[in-house]
Amino acid sequence: MALIFSQQRKTGGLLVLELRPNCEACDRDLPPDSKEAMICTFECTFCKSCADSKFKYVCPNCGGNLVQRPIRPVEALKFNPASSKRIFKPRD
C-alpha cells in the first residue's frame with residue numbers, strides 16, 4: 001500500500017489532506033492520529049473543544065461545516081507526512 005501512495009504522490013495523481021499540526025484558535029497540538037481534530041473543506045483545522053464551544057461546528061474562516069478529520073494510517077504517513085506548518089489565529 002505504501003508503494004502505491006508514494007508512486008501516486010510523485011506523479012501528482014494523489015491529493016492528500018495537509019493534516020495541520022494544531023488548532024488555529026487555541027494552538028493545541030493535534031497529531032496525525034488525533035480524534036480531536038476537526039476540519040472544513042479548506043482544511044482549516046480546529047480542536048473539537050473550539051469547534052464545539054466557540055464555533056458551533058461552523059468554520060469561522062469560510063462558513064463551512066467542521067467535521068472530524070480522518071486519521072491517516074501510519075504506513076501512509078511515511079510517504080505522505082503530516083504538515084509541520086502551524087497556523088494560529090487567536091479569536092475571542
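Biologist: Let me start with one residue: is Leu19 buried or exposed in relative accessible area?

Modeller: Happy to begin there. This is a predicted model, and in it Leu19 is buried, with a relative accessible area of 4%. Leu19 is found in the loop between helix H1 (2–11) and E1.

Biologist: What is the sign of phi at Leu19?

Modeller: The general idea comes first: most residues other than glycine have a negative phi. Leu19 has a positive phi of about 50°, although it is not a glycine. Tyr57 is a further case, with a positive phi of about 65° and again no glycine.

Biologist: Where does Tyr57 lie, and how exposed is Tyr57?

Modeller: Tyr57 belongs to the loop between H2 and strand E3 (67–68). Tyr57 is partly exposed, at a relative accessible area of 28%, whereas Leu19 is buried.

Biologist: Next to Leu19 in the numbering comes Arg20. Where is Arg20 placed, and does Arg20 count as buried or exposed?

Modeller: Arg20 sits in the loop between H1 and E1. Its relative accessibility is 13%, so Arg20 counts as buried.

Biologist: What does the side chain of Arg20 have as a polar partner, and which residues is Arg20 in contact with?

Modeller: A polar atom of the Arg20 side chain lies 3.0 Å from the backbone oxygen of Glu43. Setting aside neighbours within four places in sequence, Arg20 is in contact with Leu30, Phe42, Glu43, Cys44, Thr45, Arg69, Ser83 and Ile87.

Biologist: Which elements make up the protein, and in what order do they run?

Modeller: There are three helices and three strands. Starting from the N terminus, the order is α-β-β-α-β-α.

Biologist: How many residues are in the largest nonpolar core?

Modeller: That core has 14 residues, and those with the most contacts inside it are Cys23, Ala25, Phe46, Cys50, Phe55, Cys59 and Leu66. Two or more core residues come from each of strand E1 (37–39), strand E2 (45–47) and helix H2 (48–53). For the whole protein, 32% of its 92 residues count as buried.

Biologist: With cysteines in that core, how many disulfides does the structure have?

Modeller: In general, a disulfide is a covalent bond between the sulfur atoms of two cysteines. A search of the whole structure finds zero of them. Cys26 is in no disulfide, and its nearest cysteine sulfur, that of Cys23, is 3.7 Å away. Cys62 is likewise in no disulfide, with the sulfur of Cys40 as the nearest, 3.8 Å away. The cut-off needed here is 2.5 Å, so neither distance qualifies.

Biologist: How exposed are Cys26 and Cys62?

Modeller: Cys26 counts as partly exposed at 36% relative accessibility, and Cys62 is partly exposed too, at 37%.

Biologist: What share of the contacts joins residues at least 24 apart, and what is the accessible surface?

Modeller: Among contacts between residues at least 6 apart in sequence, 58% join residues at least 24 apart. The accessible surface comes to about 5700 Å², with 56% of it belonging to carbon and sulfur atoms.

Biologist: Last one: what is the mean pLDDT, and where is the pLDDT below 50?

Modeller: The mean pLDDT is 88, and 85% of the residues reach 70 or more. Over residues 1–8 the pLDDT is below 50, and this stretch has nine contacts in the model beyond near neighbours in sequence. Where pLDDT is low, the predicted coordinates should not be read in detail.

Notes: This is a predicted model: local features need pLDDT of at least 70, side-chain atom pairs count only at pLDDT 80 or more; totals for chains, interfaces and linings use all residues. Side-chain values use heavy atoms; hydrogens and water are left out. A nonpolar core is a set of buried Ala, Val, Leu, Ile, Met, Phe, Trp, Tyr and Cys residues joined through side-chain atoms within 4.5 Å. Buried means under 20% relative accessible area, exposed over 50%, partly exposed in between (1.4 Å probe, protein chains only). Helices (H or I, at least four residues) and strands (E, at least two) are DSSP runs, numbered from the N terminus. pLDDT is the predictor's confidence in each residue, from 0 to 100. Contact means heavy atoms within 4.5 Å. Accessible areas come from the Shrake-Rupley method with a 1.4 Å probe; for residues, only the protein chains shown count as cover. A polar contact is a pair of N or O atoms within 3.5 Å; within protein, one must be able to donate a hydrogen and the other to accept it, and residues adjacent in sequence count only if both atoms are side-chain atoms.
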